[in-house]
Amino acid sequence: QINLGIRAFLQERQLALRALDRADRVALMGVLDARNLFATRNAAQHIAEALGVSRATIYNLLADARRS
């Protein structure tokens, strides 16, 4: 589910995973959160590995997405 959510986000915006800037990553976290994908086990770790960042970064991006 997480991979499908990431892929849909990238295709919708015609972006490459490695080309995402911070604003794009915050938007991606918002989309994944809206789909309730953070409720799945090890979601943050899985997303972090897919994006090539740490879990802490994922939680910071998620917090930013929830604030906006």
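Two helices whose axes meet at an angle of 65 to 115 degrees count as roughly perpendicular. In the predicted model described here, helix 3 and helix 4 pack at an angle of about 105°, with their axes 8 Å apart, and the two helices are therefore roughly perpendicular to each other. Where they touch, Ala44, Gln45, Ile47, Ala48 and Leu51 of helix 3 meet Arg55, Ile58 and Tyr59 of helix 4, and the residues of this contact divide into six nonpolar, one polar and one charged.

Helix 3 itself spans residues 43-51, and Ala43, Ala44, Ile47, Ala48 and Leu51 are buried within it. Viewed down the helix axis, these buried residues fall within an arc of 130°, so they line one face of helix 3. The elements that cover them include helix 1 (2-13), helix 2 (22-34) and helix 4 (55-67). Just after helix 3, Gly52 adopts a positive phi of about 75°.

Turning to the protein chain as a whole, the model contains four helices and zero strands, which follow the pattern α-α-α-α along the sequence. The radius of gyration of the protein chain is 11 Å, in agreement with the value near 11 Å that a compact globule of 68 residues would have, while its C-alpha atoms fill a box of roughly 25 × 25 × 20 Å along the principal axes. Of the 68 residues, 34% are buried. Among the contacts with a separation of 6 or more, 54% are accounted for by residues 24 or more positions apart.

Key: Residues numbered from 1 in each chain as written. Predicted model: local features only at pLDDT ≥ 70, side-chain atom pairs only at ≥ 80, totals over all residues. Heavy atoms only, no water. Buried < 20%, exposed > 50% of the residue type's maximum accessible area, 1.4 Å probe, protein only. Arc of directions from axis to C-beta. Contact = heavy atoms within 4.5 Å. Axes fitted to C-alpha atoms, helices over the stretch in contact; angles between N-to-C directions. Parallel < 35°, antiparallel > 145°, perpendicular 65-115°, else oblique. Nonpolar A, V, L, I, M, F, W, Y, C, P; charged D, E, K, R; others polar. Rg over C-alpha atoms; globule rule 2.2 N^0.38 Å.
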